Structure formats: structure tokens, C-alpha cells
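Thanks for sharing this one with me. My notes follow as a few numbered points, moving from the whole chain to a single pair of residues.

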Amino acid sequence: MRIYYLPGESVNSYISNIKGILSVNHKVESMPEVNDFKTFLSQMKIYKESIIILNWFEDKTSLRGNFFKIIYRFLYILIIKIIFRKVIWIRHNFKPHDKHNPYVYRFFCFFLYYISDEKVTHRDILGYKYIPHPLYININKFLIESRKIDYLYFGVISRYKGLVKLLSFWPVNKKLVIRGSCKEQALYEELISIILKRQLDVDIENVFLSENDLGIMISNTKFVILPHDDKSMIVSGVFYHAATFGANVLMFKSEFYDFCENKFSFVSELNEEVDAKYIEPRIVINEVLRECSNHIVLSEMNKLF
């Protein structure tokens, strides 16, 4: 089976991970842009016999694009529907993280839903097929039982990630490490201000970590903190990244928390006490493999084809 994937490449390693899983049984290729007409037209016969998988297309209504770009995206999806044998939409968010028009967004999602032959999420959502979230590649090849970092936040530092709320109650006697890139200078200064004002023991760096460096850091962490705004996300890759390397996860009470807490013992509610039972890394990894192993993800994806 030939499968085309959109986006074909991304800094988010989710794309390379799931393409690697599908490549075990299928030929997986990146989809060329429609404006590359020569390549696009030369592949028309192949597309008719192929499947395309769309990711994060629900986020394509950002107001950073003008009206004509939004119309282009509608036409792009319509063309995809016409030329491919099957369209699979994997939805990752309830709403875009960027500024957007809610009416355009709802109509766009309605359009995507009825254009797509299969609708997928990585959490149980009514009207969508549940498929477990793929895990990340444990590049260390070994398991660290004795861990030096008690609490870690990693990933993009953005407003919806909930760090302002987190630092507003974080205990002064617990050390927190924060590593992530922040493009919002005002937000970063606000976080620094809270840390200084409350005299918190927080080690924060505005930095983008390589996969290798991030893997080493998570492997040395007991608890990963997930303070995200649940109203925007369906799942968070941070959760599965942490579990892949054996870290426990602390997160606010939410629908995503309820979903994870029902499946895994290493999930605890994030509250002002920041107090949770610690589950050993080997148990964490065994639990998440039983739910999200490459074999299980591939088996469930194959049912869609």
C-alpha cells in the first residue's frame, strides 16, 4: 500500500515516528505541494490508488493567513478528496493555538470531517476512531533508575502551555527545571518576574534542545510537568515523550487527565502540594508499551486502510 503523508516533514518528531511505524508494511511518501504542478500531475495515476493522511489540518485557519489563503486550503482539501482513493484525517487539537476566527474554524472542521473517509484521534472522542499515540524513539538504549531531576517542564514556552498558572503556585521548596524555546519575549519576562518575586527554585532556559539532549534529560527526570490548557489540545505529545523514557507525569485535572489516569498508574493530578506517588521507570515503560507499542499502532492503522 502506498501512503502519502501531510505534513511530510516537521520539527515535531511525531511525524517521523509514525511514518517509521507505517513504513514497516507500506511505502510512505511525503505529499508534494499542489503548486508543484509538474510533479503533482505526473503522479495522478498513483494518487488514485493511494491513501493520504492529514495531520493538524484543523489548525489551517490561523488569521496569520489572509482570506485567499484560507480559500486555497479549502480547495486544496477538495482536490485531495477527488484524486485520492481514501483520505484519513488525524485531528490533534480542539482549536488552533494561534489567533483564529471561530466561525471559520468550525466550518473548516465540519468540511474536513465530511470530506475525510476516516477521522482519527489519539484519545476517545465521539465520532472519531481512537488509535493509540505513537511513542518516541528511546535513543539512549538504556534505562536510568536513579534520576537527578525531580521536576521538569520541556517543550515550547507559549501562553497556552500554562506556565504562568503553574509558577503562581509552585512550592518554593521544590526545584523545577524548565527547558524550551520561547518566541514571546513578554511572556518570558513575565515568567522570570514571577520566579524572582516568589523566590522560586526554578532553573529556566530559553533554548531548543536536540532530540538526543532532550532524551538524556527526560531519562534523568522523575516527574515531567504538563500544565497545558486542556481546552485546546486533544492529547499532548509531551505525555508520551515522557513515558517513553520512563518519567512519571503530573498534569492538571482535565478530560485528557481522566483518559490517561484510567490507563496508566504513573499519572498524578497536578495541585498546589505537588505531591505524588513515584512509579519506577521500568513500570512506566512497560505500561505505556502495552497500550502504545509500534505493533499496536500499526495494527490499528492497518484497519483503516
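1. Let me start with the surface. Please keep in mind that this is a predicted model. The accessible surface of the chain is about 15,000 Å², and carbon and sulfur atoms account for 55% of that area.

2. Turning inward, buried residues are 53% of the 305 in the chain. If we take the contacts between residues at least 6 apart in sequence, 77% of them join residues at least 24 apart.

3. On secondary structure, I find 12 helices and 12 strands in the chain. The chain is as compact as a globular protein of its length, because its radius of gyration of 20 Å is close to the 19 Å that the globule rule gives for 305 residues. Along the principal axes, the C-alpha atoms fill a box of roughly 65 × 40 × 35 Å.

4. The charges deserve a word too. There are 40 positive and 34 negative side chains, with the centres of the two sets 5 Å apart.

5. Now the part I enjoyed looking at: an open sheet of 6 strands, paired in parallel, in the order 2-1-3-4-5-6. Its edges are strand 2 (27–30) and strand 6 (129–130), each of which pairs on one side only.

6. Within that sheet, do have a look at strand 1 (residues 2–6), which runs parallel to strand 3 (residues 51–55) and pairs with it over 4 bridges. Which residue of strand 3 is the bridge partner of Tyr 5? That partner is Ile 53.

Conventions: Residues are numbered from 1 along each chain as its sequence is written. This is a predicted model: local features need pLDDT of at least 70, side-chain atom pairs count only at pLDDT 80 or more; totals for chains, interfaces and linings use all residues. Side-chain values use heavy atoms; hydrogens and water are left out. Helices (H or I, at least four residues) and strands (E, at least two) are DSSP runs, numbered from the N terminus. The radius of gyration is taken over C-alpha atoms; the globule rule is 2.2 Å times the number of residues to the power 0.38. Buried means under 20% relative accessible area, exposed over 50%, partly exposed in between (1.4 Å probe, protein chains only). Contact means heavy atoms within 4.5 Å. Accessible areas come from the Shrake-Rupley method with a 1.4 Å probe; for residues, only the protein chains shown count as cover. Lys and Arg count as positive and Asp and Glu as negative; His and the chain ends are not counted. The place of a charge is taken as NZ of Lys, CZ of Arg, CG of Asp or CD of Glu. Two strands pair if DSSP finds at least two bridges between them.
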